[in-house]
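Here's a quick briefing to read with the model open in your viewer. Grab a coffee and click along as you go.

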Amino acid sequence: MVFILTGITSTRMRRVSRGFTLLELLFAIAVVAIVLSLGIPSFQSSVRNSKLTASVNDMVASMQVARSEAIKRRAPVVICTSNGATNEADANCDAAAWENGWLVFADDNNNGSRDADEILLRLEGPMRNNIEVAVPDAQPLQDRLTYNSNGFPVIGNLQSAGILVFCHSQANSDYYGRIIRVPQTGR
């Protein structure tokens with residue numbers, strides 16, 4: 001658009017432009033690309049960390065439910081690895097990995113496995129988001145944790161009931177995992 005202002009000769013016309021030049025547009029795209037290349041890996045790490053923390057919190061909540069129910073019922077309560085069942089009817093203890101899921105049940109007959117008449121207190125399905133759970137060798141938490149009527153884990157004379165290590169299977173070497181350590185007090 002061309003505007004002619006009063007008092008200015010026609011040789012001094014002022015042109016008003018609306019838009020970007022090609023050079024300005026390329027510069028803006030380069031700045032956005034640099035910001036995204038720095039921000040996306042950090043964001044992905046934050047998302048992985050959040051998912052890992054959520055999985056650990058689910059396990060801690062199950063342990064807290066099991067301990068409090070054992071004290072309340074004055075009977076053993078078991079957390080055990082599951083066969084990946086997502087409904088109550090199919091939920092049974094299985095010697096699978098923790099990442100396949102777990103269940104919490106009141107073990108009325110104290111046999112360590114869930115019978116049809118025993119109450120299922122909590123059922124967690126398979127973990128999503130490539131979360132893996134490792135149990136160090138010679139730890140009693142390979143596939144179950146039992147709380148007795150006093151709220152203490154049944155562990156014999158060990159200093160701790162065990163350790164569960166949660167990590168992301170696709171993480172690189174600079175990524176950290178989470179550890180749940182269950183002491184003799186069961187907390």
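**Starting from F166**

Leaving out anything up to four places away in sequence, F166 touches L52, S55, V56, M59, M127, I131, E132, V133, G177, R178 and I180. Keep in mind that you're looking at a predicted model. F166 is also one of the residues with the most contacts inside the largest nonpolar core, along with M63, I79 and L164.

**The cores**

- That largest nonpolar core has 22 residues.
- At least two of its residues come from each of α1 (22–73), β3, β4, β6 (131–134), β7, β8 (160–168) and β9 (178–183).
- Which element gives the largest share of this core? It's α1, with six residues.
- There's also a second, separate core of seven residues, and C80, A85, F105 and L120 are among them.

**The chain as a whole**

- The protein chain has one helix and nine strands.
- Going along the sequence, you'll meet them in the pattern β-β-α-β-β-β-β-β-β-β.
- Of the 187 residues in the protein chain, 30% are buried.
- Take the contacts between residues at least 6 apart in sequence: 58% of them join residues at least 24 apart.
- The chain exposes about 12,000 Å², and carbon and sulfur atoms supply 54% of that.

**The four-stranded sheet**

- Look for an open sheet of four strands, ordered β5-β4-β3-β7, with antiparallel pairing.
- Its edge strands are β5 (120–124) and β7 (144–147), each of which pairs on one side only.
- From one strand to the next, the twist averages 10 degrees.
- As background, strands of a sheet pair through backbone hydrogen bonds, and they can do so parallel or antiparallel.
- How many bridges join β3 to β4? There are five, and the two strands run antiparallel.
- Two of the pairings to click on here are V78 with its bridge partner F105 in β4, and T81, which stands opposite W102 in β4.
- On the other side of the pairing list, β4 and β5 also run antiparallel, joined by four bridges; here L103 has L123 in β5 as its bridge partner.

**β4, the enclosed strand**

- Is β4 largely enclosed or exposed? Five of its five residues are buried, so the rest of the structure largely encloses this strand.
- The residues of β4 point two ways: W102, V104 and A106 go one way, while L103 and F105 go the other.
- Both sets are buried.
- F105 also turns up in the second core mentioned above, as well as being the partner of V78.

**S62 and W102**

- S62 lies in helix α1, and with a relative accessible area of 0% it counts as buried, because the cut-off for buried is under 20%.
- What does the side chain of S62 make a polar contact with? Its partner is the side chain of W102, at 2.8 Å.
- Not counting residues up to four places away in sequence, S62 touches I79, W102, V104, R122 and E124.
- Two of those, W102 and V104, point one way from β4, and I79 is one of the residues with the most contacts inside the largest core.

**S82, at the end of β3**

- S82 sits in the loop between β3 (77–81) and β4 (102–106).
- Although it is a loop residue, S82 is buried, with a relative accessible area of 0%.
- What does S82 contact, leaving aside its neighbours within four places in sequence? The answer is N92, D94, A96, N100, G101, W102 and L103.
- S82 and W102 are 20 residues apart along the chain, yet their C-alpha atoms are separated by 4.5 Å.
- So W102 is worth a click of its own: it is a contact of S82, and its side chain makes that polar contact with S62.

**R74, an exposed loop residue**

- R74 is in the loop between α1 and β3.
- Buried or exposed? R74 counts as exposed, because its relative accessibility is 63% and the cut-off is over 50%.
- Its phi is near 55 degrees, a positive value in a residue other than glycine.
- For context, most residues other than glycine have a negative phi.

Conventions: Residues numbered from 1 in each chain as written. Predicted model: local features only at pLDDT ≥ 70, side-chain atom pairs only at ≥ 80, totals over all residues. Heavy atoms only, no water. Buried < 20%, exposed > 50% of the residue type's maximum accessible area, 1.4 Å probe, protein only. Contact = heavy atoms within 4.5 Å. Pairing = 2+ DSSP bridges. Axes fitted to C-alpha atoms, helices over the stretch in contact; angles between N-to-C directions. Areas by Shrake-Rupley, 256 points an atom, 1.4 Å probe, with all protein chains shown as cover. Core = buried A, V, L, I, M, F, W, Y, C linked by side-chain atoms within 4.5 Å. Polar contact = N/O pair within 3.5 Å; in protein donor to acceptor, adjacent residues only side chain to side chain.
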